[in-house]
Amino acid sequence: MSDPDQRPACRLYLITPPRFEPRAFADTFKAALDAGDVASLQLRLKGDNEAPPAADDIRYATEILMPLARERDVAFIINDRPDLAAELDADGVHVGQDDMSCREARKLVGPDRAVGVTCHSSRHLAMEAGEAGADYVAFGAFYETDTKIPISKAEPEILTWWANLFVLPCVAIGGITVANAAPLVRAGADFLAVSSGVWAHEDGPAAAVRKLNVIMAEESAAR
Ligand SMILES: Cc1ncc(COP(=O)(O)OP(=O)(O)O)c(N)n1
Ligand SMILES: Cc1ncsc1CCOP(=O)(O)O
Ligand SMILES: [Mg+2]
């Protein structure tokens, strides 16, 4: 059993938009990171219809964004590509169930980089990922989203179940915004993974990061 009183406050795990021009995006990116606490940033590039991006696009975006993240103590995670996470010396990789197994990803990135695993709404997948050496498990999608067509709908109870049993951090993802984040923090999320809820916020990304930080602090203190 894990002790809920020992659990650190929930933190923000930013996900990039699926498509952007890295140099043009850099100022927006810096403004978001400078607006409040951001634990990590996932470079999640996708082509049309979720097609995988070219490796060189990931390399170029990493060249521009990773130093900006590092200067701010924000961990830089690459989506889908453990090989590139190792090659580019990123802080970690996120793999989905159809990308690569956690163990294979670990072999590619080594012991010192983080490996995160998509577990949809499955307790079984999450326990498997934990046993396979994942550094976090990700549950979702909690809310409707236009960023991806999710294959599962998760309920906040899965976060509570996980947090009460395991020390390994859990990430909540899918349609999270300033307006709907609170119940996920209360339920036990260690990280909120947010893309459009930050980049498309009506008052801009910096305002979204500020507001999410207030919510995460308040709701973590109340749990
Ligand atoms: C933190 C986090 N959680 C889940 C996902 C989804 O990964 P996956 O299922 O492989 O889908 P794609 O993101 O690759 O479309 C994620 N990227 N990050
Ligand atoms: C990658 C991913 N996996 C499940 S939902 C989702 C999309 C996250 O983006 P948003 O925060 O815009 O819903
Ligand atoms: Mg994937």
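The largest nonpolar core in this structure has 68 residues, and those with the most contacts inside it are Ala172, Ala189 and Leu192. Helix H9, which covers residues 205-221, gives the most to this core, with five residues. The model described here is a predicted one, and the points below move from the core to the overall build, then to the surroundings of a ligand, and finally to positions listed in a record.

**Core contacts**

- Ala189, one of the residues with the most contacts inside the largest nonpolar core, touches Cys10, Leu159, Cys170, Val171, Ala172 and Leu184 when residues up to four places away in sequence are not counted.
- Ala172 therefore appears twice in this picture, since Ala172 is among the residues with the most contacts inside the core and is also one of the residues that Ala189 touches.

**Overall build**

- The protein has nine helices and eight strands, and its radius of gyration of 16 Å is close to the 17 Å that the globule rule gives for 223 residues, so the protein is as compact as a globular protein of that length.
- Taken along the principal axes, the box filled by the C-alpha atoms of the protein is roughly 45 × 40 × 30 Å.
- Of the 223 residues of the protein, 43% count as buried.
- Among contacts between residues at least 6 apart in sequence, 61% join residues that are at least 24 apart.

**Surroundings of ligand 2**

- Ligand 2 is surrounded by 15 residues, of which the closest are Thr145, Thr147, Gly174, Ser195 and Ser196.
- Sorted by class, the shell around ligand 2 consists of six nonpolar, eight polar and one charged residues.

**Positions listed in UniProt**

- An unreviewed UniProt entry lists Gln42, Leu43, Arg44, Leu45, Lys46, Asn79, Thr118 and Lys148 under "binding site".
- Lys46, one of these listed positions, is found in the loop between strand E2 (40-43) and helix H2 (55-71), and, leaving aside neighbours within four places in sequence, Lys46 is in contact with Pro18, Ala51 and Pro53.
- Lys46 has 17 other C-beta atoms within 10 Å, and because a residue counts as buried at 20 or more and as exposed at 12 or fewer, Lys46 is classed as partly exposed.
- Lys148, also among the listed positions, is found in the loop between strand E6 (136-140) and helix H6 (157-165), and with 17 other C-beta atoms within 10 Å Lys148 is partly exposed.

Definitions and conventions: Residues are numbered from 1 along each chain as its sequence is written. Chains are lettered from A and ligands numbered from 1 in the order in which they are written. This is a predicted model: local features need pLDDT of at least 70, side-chain atom pairs count only at pLDDT 80 or more; totals for chains, interfaces and linings use all residues. A residue is near a molecule or strand if its C-beta atom, placed from the backbone, lies within 6 Å of it. Ala, Val, Leu, Ile, Met, Phe, Trp, Tyr, Cys and Pro count as nonpolar, Asp, Glu, Lys and Arg as charged, and the others, Gly among them, as polar. Helices (H or I, at least four residues) and strands (E, at least two) are DSSP runs, numbered from the N terminus. The radius of gyration is taken over C-alpha atoms; the globule rule is 2.2 Å times the number of residues to the power 0.38. Two residues are in contact if their C-beta atoms, placed from the backbone, lie within 7 Å. UniProt positions are given in the numbering used here, feature names are shortened, and annotations may be inferred rather than shown by experiment. A nonpolar core is a set of buried Ala, Val, Leu, Ile, Met, Phe, Trp, Tyr and Cys residues joined through C-beta atoms within 7 Å.
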